[in-house]
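Colleague: Can you pull the model up on screen? I'd like to go through it with you.

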2 protein chains.
Amino acid sequence: MLLHAANAISGSVTPGTAKTPGGTSLLLTENQQAIGGPPPLMDKLTPRERELVLKSGRRKVLNRGQTLFSQGAKHDGIYLIESGRVRVFYISPLGREITLAYWHVGNFVGGPEVFEGGTHQWSGVAASNCAVVQLPGRELRTLATEIPNLAIGLIEGLTFKGKCYSALAQMLGTRSITQRLAHLLLHLMDLYGVEDPDGTLIAAAFTHADIAHMVGATRQWVTISLKRMQDKQVVLTKRSQIVVCRPDLLEEMRGQAAD
Amino acid sequence: MLLHAANAISGSVTPGTAKTPGGTSLLLTENQQAIGGPPPLMDKLTPRERELVLKSGRRKVLNRGQTLFSQGAKHDGIYLIESGRVRVFYISPLGREITLAYWHVGNFVGGPEVFEGGTHQWSGVAASNCAVVQLPGRELRTLATEIPNLAIGLIEGLTFKGKCYSALAQMLGTRSITQRLAHLLLHLMDLYGVEDPDGTLIAAAFTHADIAHMVGATRQWVTISLKRMQDKQVVLTKRSQIVVCRPDLLEEMRGQAAD
DNA sequence: CCTTTCCCGGCAACTAATCGACCGTGAGGA
DNA sequence: TCCTCACGGTCGATTAGTTGCCGGGAAAGG
């Protein structure tokens, strides 16, 4: 159900261009504070160490829609996002799909695994044009033994990922789809909200299918639910534009969760 | 939906007593191999280093039912399980509950967080009498910077946890409750199966409510589903005893997933 | 011994959600 | 210009799953 990772700048990878909105980072968590933002992977390194790490990396550029890694494929290290947006998701053998998150600059992606070995648990595709740096597992492992602060950074990064996965599992395990949808809308509002005469417009084009994948439902059910919300004057939809009119009612619908 | 962590022995913490069945470790994963067993946290340490780590720990003994940590409470390091079983779970604000796993000896528990700071994402209670060693976060952090192999061990441990959380989220996000139940039964059969005239008896007393929490459903629905399975001769139930007669049909019900 | 508590079991009513299909529309490409 | 394609919207049928309730039996505890 969409964890939404935002814009903390990591280490020295491409500063500037921090134009993603808001400071929050996750979408499907019960209360933001409990998780905190994504920790900067290489912040604690000296410039020299940082350079050493980046030197062992390979830069890749992806166009929207291109695949970065696929579930089941052999794992070979992690990818630091320099720019763009990466959607991380999973497809079941029967074709049902669940989106973990859209990750922004400053995060790394590539499954819970970080070193070499094993297979990818998730798939990642570029949701917009992207630049990433691949840190191969083997090199990363030796670097981690040599640079204590890199190891600490990795541990903190993994801890953060763990919280994301946990939050997703908890929402999926204990909330109804409707609650999840309400939650998602509130979060999207925070992230992409723009003032509008009727309320707050979610200024990002997500199709009903996109939303369905984020909350783990079918496209039709999302359509129906949105329609019902519109009937209750909670939101206003016009062809893939969603305006949230009554955030208070949404809060109520998602079943209390401090935010 | 129950990840079921088994009996890999970690480091030097209480060897022997590895009487948990089978070698597999997780319950709700699509294919076992892709995850692998829980990595030994301190295997790579020298005896001296190991002692150093354990020295900073505090031993705790818990009776069945006692709480080890609670979601939302302040986090203070991780717990290495020496003996017994710890159930890790989450309860939503509305009271719905989901069980992550029953962790056995050799694993550590205590949320995705490992160092100090933050709050617990999950709760942990002793499912049987337990002995654990608490490694306080602060000390763990300094130790990790000093002993590279401890940091590597932590990274591998977190990676493993990440896979557990991911597997849970993926199952919850893309499988129906019925499929999850079939999956769970097959796994419990592997873990606790005992030969029986009619098939394989699951030799562990889980109530319907326990099972419901593992698959993320209501107790009643578990009762109904089990009854249906019994009607189809797939299983045989008599008061909290479950005998699996047709594992092949269960495989089919869970919707293909190599195991 | 009795009481209490927990757990299985079942029932009825209801809502949530899925599935498969079809249509209209708007955008883009040839 | 027409064609195609992706998307929103909708419908009907069906299933999955919930909620709330009651009753009985086994186990635990005093």
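Colleague: Let's begin with B:Gln233: is it buried or exposed?

Modeller: B:Gln233 is exposed, since its relative accessible area is 57%. The classes here are buried under 20% relative accessible area, exposed over 50% and partly exposed in between, with a 1.4 Å probe and protein chains only. Before we go on: this is a predicted model, where local features need pLDDT of at least 70, side-chain atom pairs count only at pLDDT 80 or more, and totals for chains, interfaces and linings use all residues. Residues are numbered from 1 along each chain as its sequence is written, chains are lettered from A and ligands numbered from 1 in the order in which they are written, and side-chain values use heavy atoms, with hydrogens and water left out.

Colleague: Where does B:Gln233 lie in chain B?

Modeller: In the loop between H6 and strand E14 (235-238) of chain B. Helices (H or I, at least four residues) and strands (E, at least two) are DSSP runs numbered from the N terminus. B:Gln233 also has a positive phi, about 65°, although it is not a glycine.

Colleague: And what about phi of A:Gln233?

Modeller: For A:Gln233, phi is near 65°, again a positive value in a residue other than glycine. A:Gln233 sits in the loop between H7 and strand E14 (235-238) of chain A, and counts as exposed because its relative accessibility is 58%.

Colleague: OK, switching to the DNA. Which residues come nearest to strand D?

Modeller: There are 16 residues around DNA strand D, and the nearest are A:His208, B:Ile177, B:Thr178, B:Thr218 and B:Trp221. A residue makes that list if one of its heavy atoms lies within 4 Å of the strand. Of the atoms of DNA strand D that come within 4 Å of the protein, 54% belong to sugar and phosphate.

Colleague: Which residues have an N or O atom by a phosphate oxygen there?

Modeller: Among them is B:Ile177, with a backbone N or O atom 2.9 Å from a phosphate oxygen of DNA strand D. The side chain of B:Thr218 has an N or O atom 3.0 Å from a phosphate oxygen of the strand, and for the side chain of B:Trp221 the distance is 3.3 Å.

Colleague: Which helices supply the surface near strand D?

Modeller: Helix H7 (219-231) of chain A, plus helix H4 (177-192) and helix H6 (219-231) of chain B, each supply at least two residues. H7(A) has the largest share, four residues. By class, that surface has two nonpolar, nine polar and five charged residues. In that scheme Ala, Val, Leu, Ile, Met, Phe, Trp, Tyr, Cys and Pro are nonpolar, Asp, Glu, Lys and Arg are charged, and the others, Gly among them, are polar.

Colleague: Now the two chains. How many residues are in contact?

Modeller: 44 residues of chain A are in contact with 44 residues of chain B, where contact means heavy atoms within 4.5 Å. Between them the chains bury about 3,800 Å², 64% of it on carbon and sulfur atoms. Buried area is the accessible area (1.4 Å probe) that two parts lose on being put together, summed over both. On the chain A side, A:Ile155, A:Gln170 and A:Thr174 lose the most area to chain B, together 15% of what that side buries.

Colleague: How many salt bridges cross over?

Modeller: The rule finds four across the interface of chain A and chain B, counting a side-chain nitrogen of Lys or Arg within 4 Å of a carboxyl oxygen of Asp or Glu. One of them joins the side chains of B:Glu156 and A:Arg141 (2.6 Å, N to O). Helix H1 (32-35), strand E7 (97-103), helix H3 (137-146) and helix H4 (148-174) of chain A each give at least two residues to the side of chain A that touches chain B. The largest share, 18 residues, comes from H4(A).

Colleague: What does A:Thr159 touch?

Modeller: Not counting residues up to four places away in sequence, A:Thr159 touches B:Pro112, B:Glu113, B:Val114 and B:Leu158. A:Thr159 is in helix H4 of chain A and counts as buried because its relative accessibility is 5%.

Colleague: And A:Leu154, buried or exposed?

Modeller: A:Leu154 counts as buried, at 0% relative accessibility. A:Leu154 also lies in helix H4 of chain A, and its contacts beyond four places in sequence include A:Leu41, A:Phe115 and B:Ile155.

Note on methods. Polar contact = N/O pair within 3.5 Å; in protein donor to acceptor, adjacent residues only side chain to side chain.
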